Amino acid sequence: MIKKFDKKDEESGSGSNPFQHLEKSAVLQEARIFNETPINPRRCLHILTKIIYLLNQGEHFGTMEATEAFFAMTRLFQSNDQTLRRMCYLTIKEMANISEDVIIVTSSLTKDMTGKEDVYRGPAIRALCRITDTTMLQAIERYMKQAIVDKVPSVSSSALVSSLHMVKMSYDVVKRWVNEAQEAASSDNIMVQYHALGLLYHLRKNDRLAVSKMLNKFTKSGLKSPFAYCMLIRIASKLLEETEAGHDSPLFDFIESCLRNKHEMVVYEAASAIVHMPNCTARELAPAVSVLQLFCSSPKAALRYAAVRTLNKVAMKHPSAVTACNLDLENLITDSNRSIATLAITTLLKTGSESSVDRLMKQISSFVSEISDEFKVVVVQAISALCQKYPRKHSVMMNFLSNMLRDDGGFEYKRAIVDCIISIIEENPESKETGLAHLCEFIEDCEHTVLATKILHLLGKEGPRTPSPSKYIRFIFNRVVLESEAVRAAAVSALAKFGAQNDDLLPSVLVLMQRCMMDSDDEVRDRATFYMNVLQQKQKALNAAYIFNGENTHCAPSLNLRALVELTRLSVSSVPLANTPITEQKTEFAPVATSKLPEKPGPTRQDIYQEQLAAIPEFQGLGSLFKTSEAVQLTEAETEYVVRCVKHTFARHMVFQFDCTNTLNDQLLQKVMVQMEPSEAYEVLHYVPAANLPYSQPGSCYSLVRLPEDDPTAVSCTFSCTLKYLVKDCDPNTGEPDDDGYDDEYVLEDLEVTVADHIQKVLKPNFAAAWDEVGDDFEKEETFALASVRTLDEAVGNIISFLGMQPCERSDKVPENKNSHILFLAGVFRGGHDVLVRSRLALADGVTMQVTVRSSDETVVDIILASVG
Amino acid sequence: MEALEPSLYTVKAVLILDNDGERLYAKYYDDTYPSVKEQKAFEKNIFSKTHRTDSEIALLEGLTVVYKSNIDLFFYVVGSSHENELMLMAVLNCLFDSLSQMLRKNVERRALLENMEGLFLAVDEIVDGGVILESDPQQVVHRVALRGEDVPYSEQTVTQVSTTALVTSLISAYYIVLCGSCAITIFTLYSPET
C-alpha cells in the first residue's frame, strides 16, 4: 500500500519535492531580495533554506558567489525573526570555509551571545567559534569563560563543545578555561556535565596524574549523565591499560560497579571495557558476561547486536566463559537481523561442541548471501579457528568454504577464504587434494592478482608432491595463456617446480616452458628462460638451489631475478663443458644463494650496523658483517650506568658494540671503554673507546676480538667485562665539567658468546630438497637425553633458541597429544657453510633427542654436535 | 588492544534518504568520506543493504550504522565500529522523536521537505561537529522553537499570508495615489506650454 502511494507521489511530478530542480545560479539570483527593505522574513528564510539544501547536496559554491551571498545574508541580522536568525547562524557555519571575510559577523554574533534572548545565545556561540581564529580568540576569551559557567544549559554546553573544537587550534588559550570547565562539571544538567568532562579530559590527557585525580573525584562524587559515565569508563580503562595496574585497582572496581548502573548504555560500556582489557581472568569476566547474556534477550536490536558482538570477542580468548550463554545465543541464530544471527552462530562455533558444528554450518549457509562482506569475513575467521580445534571436521568446512568462494564478494572476503583454505591444507595433509582442487577452480575465474599468484605459489609448492601432479598442470598453464603479467610469471615458477620434482612430467613442462619463452612480458620470458636452463641440466642440486629454495617468493623483485638469470646463464652453461663434479661447483653457488636470501627491500637492522661499523677505521678489512645478535643487557635497568651489548660476527672476528648511557646528571664520563677478559683462546685485539659520555646521551664503544683459528670448535666463550672511564664532576644544571677528573671502573655482568652467534637463520621452504642437496658427505648423528625438559614444546623452543637456526616446514609447531616430533632447522654457519639439522624428539620420562646434522663442511657438523652435548 | 581513545567525538554522519535512496539530508562530521562522490557511494551502499530489512543496526565498511525507517524516509546515524552502539541509538531516537514532534507525528517525505529549515536546526541542536549536543527530544524541540508559539503550521501561514496581503495592498494603494498625484503635478507643470 505504501508502495502505491509513492508511485502516485512520483507521478505528481517534482511538486512533491520543492527542492528537486533547484539551480544554484537561480537561488543566488533570488538571494538579492536580502537587500530589500523592509526585510521579508518568510521569503528570506526560504531562500536560506534553499542555499543550505544545495550545500547539503554537495553543490560546489565558488568563493566569489559564496562571499557575495554571505555578505547579502549579513543584512538579515536586522530582522528579529527567530527562525531567520537561527538560519543565519547555520549559513555562517556552512559557509565559514568557502566564503571570504566571514569574520565581519563577529560583532553581531558577540552581541547575540551575550544578549537576553536565550534561544540565540547557544547557537551564536557555536557559530562564532566556527569563524574565530587564534588571534581573534583572545578578544572573545572573556565571553567564553562567562558562557561556560552560564546557568542556561544550552549556552554552557555550546560553549564547552565549541571550546573542545578549538583545542586543536589553540590549546594554550583554551587551557586557561580549565577552572570554568571544572565548575561546569558540577552542573545539574546531564549534557553540560558530559561536555565539561570531555573538555577537561582533552585538556589534561597528557598529564596522567591530573587525569587520575579527576577520575578519583568524579567516581566518588557520582554523576548523573549516562554519557558522562561512558566517558569516565573509557578514561578509566585507558588509564588502567597505561599504568598496567592490576585488576585490584580502585579504577577496576569503579568499572565493575558500573555494571549495576541503571542505564543500559553505561552497563554495556562497562561490560565492553572489561572484555577488552588485556589479561582478564575468567572470574573477572564473569559479571560482564552475565550482563551481556541478559542483553541477548532484549527487545532492542541494537542492544542484542552490541551484546552478541562483544560476546563474540570474549569467545575468541575465553570460549569457556561464554559457554553459559549458549542457550541465549541459540535463540539468536534465527534473529531477523542477519548481523546478529551471524555473530551468534560464529560465537557458538567457538564455544559449542563438535557435534553442533554441522547443524550450525547448515543454518549459516541458509543466509550467508544476505549478510555484508564484513560479517562474511567474521564467519570465515570462525571457521578457520574451528578447523584448528576440530581437525576432523575439515571436509564439512572445506565444502562450505568452496561454496563461499564461488559466491560474489570483495577482495578482503576472498582473501580470508583463501587464507583459511591454505591453513587447512597445511594443518591436515588429508585435506590437501580437495583443497587444492577448490583453489584451482577458483583461479580459473579470479580477478584478484594477489590471490592468483598466492595460489599458484602454493600449487607449485604442494602440487608436485601429490599422487597425481599432472592434473594441476592444466590449471597452471591456463593462467599462462589467459592472465596478466604478474600471474603469468607466478605460473611459470609453479610449472618449473613440477618439472623439477616429477621426472615423467619434465618433458611436457619443458615444452610448455618453450612456449612461455615467447611471452610478451620481460619478466615472464626471463623466468621461463632461466628455469628452462636450470631444468635442462637435470641436476638435483641446481633444482634445489634455484627452483625450490633459491627464489622463495611469488612476487620476487624482478631485478633480482634478472640478475640471477644473467649469472646462471654463464655458469650453468659452463657446467657440462667443464664436467666438474657437483660438489665442487656447489661451493661456488652456495655464497650466491645465501647472500641473496637475507636480501629484503630497504635497509635492515643489520645493514644499518654494517654501515656504522664500516665508518670506524679499526674495523676495516674484517669483511662483510655476517650476523648481528639481539642486544644483551649487561646492567640492571635502574643503575648509574646502563650498558647493553650487541654482538657482530664477521668471518674471523667478532666486534662487541657496547651502548652505554650515563644516568648521573652530575658526571661527565670520558674515554669510556669496556675491558674484556676472555675465558677461552679468544684474543682481544683492539678497544675503541667512546670519547665523551654526557648525561643521558647514549654513546658506543667497541671491542674487536679475534676468533681462535687453530681451534675452530671453540665457538662459545665467556667474557668478564669491566667498564673503565675517566669521571669529571659537573654542574647538574649547566653541564659544565670540572677540569680535573679521576679514573674509575664499574663491574658489568658476564657476556656469553654461544654457538647461535655463529649461525645465521635461513628459511628453506623445501627442507627435503635442501637436505638432499647438501648430501650425506658430512653427516653425523647422536642421541641425547634431555632430562630436565618436560614437554616437546619446551624442547623444541630450547633447541631453536640455543642453535639460533630457522625452523622449516612449520616444524616448530608440535601437534597436540603427540609424543614424538621431528624438528627441521636450517642455517648458514660463519664462513658460508650451509648447515641443516634434523632432530627427532620422543617424549618418555624426559625428552630423548636424536640429532642428525648435515653440512657442506665437516668442522661445522662437529661444532654443532659438540655444542649440543 | 584497539582501546578507544576517550573522546566526545561520537557521530561520524547523520543521513536521511528517501525511499529511492536519494539524499534528502546528509551531514558528515569527519573525513571518513571526504568527497561528495565517496559520500554518495557510501549512501548507495548503506541504502542497498538496509532498505529491505526492518532491523535497526548493521556494520558497513567498518562503521556501525544504526537506522530507522518510517513510511518513505530512512534515518541513519553512523559511528566508528568501536563506538557504543547505544549512544548512536540515543542520537537516532532523539532525531526521530524531535522530528516527529515538529511534524506532528507526520514523519514522511513531503512534510519533511516542507520543513527543511526545522530539520536543519534540529540536527544542529542534536550534534555539533560530531559531539552529541543534546539527546532529549523535548529540549531539542524547545530550542529549535520553530515559529516560537504552538500555532499549527497551516493556520499560521494563512494568517500571515493574509496580513502580508493586506499590507501589500495598502502599500500599493498608497503608491497608486502617490503616482496619481505626481502625474497630476507633471501634467499641471507642462500644460501651460502646450
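Reader: What share of the 869 residues of chain A count as buried?

Author: Welcome! This is a predicted model, where local features need pLDDT of at least 70 and side-chain atom pairs count only at pLDDT 80 or more, while totals for chains, interfaces and linings use all residues. Residues are numbered from 1 along each chain as its sequence is written, chains are lettered from A and ligands numbered from 1 in the order in which they are written, and side-chain values use heavy atoms, leaving out hydrogens and water. Buried means under 20% relative accessible area (1.4 Å probe, protein chains only). In chain A, the buried share is 53%.

Reader: And what share of the 194 residues of chain B count as buried?

Author: Chain B has six helices and seven strands, which are DSSP runs (helices H or I, at least four residues; strands E, at least two). From its N terminus, chain B begins with β-β-α. Its buried share is 50%.

Reader: Among contacts in chain A between residues at least 6 apart in sequence, what percentage join residues at least 24 apart?

Author: Chain A comes to 38 helices and 17 strands. A contact means heavy atoms within 4.5 Å. For contacts between residues at least 6 apart in chain A, the portion joining residues at least 24 apart is 64%.

Reader: What is that percentage among the contacts in chain B between residues at least 6 apart in sequence?

Author: Here, too, the contacts counted are between residues at least 6 apart in sequence. In chain B, those that join residues at least 24 apart make up 53%.
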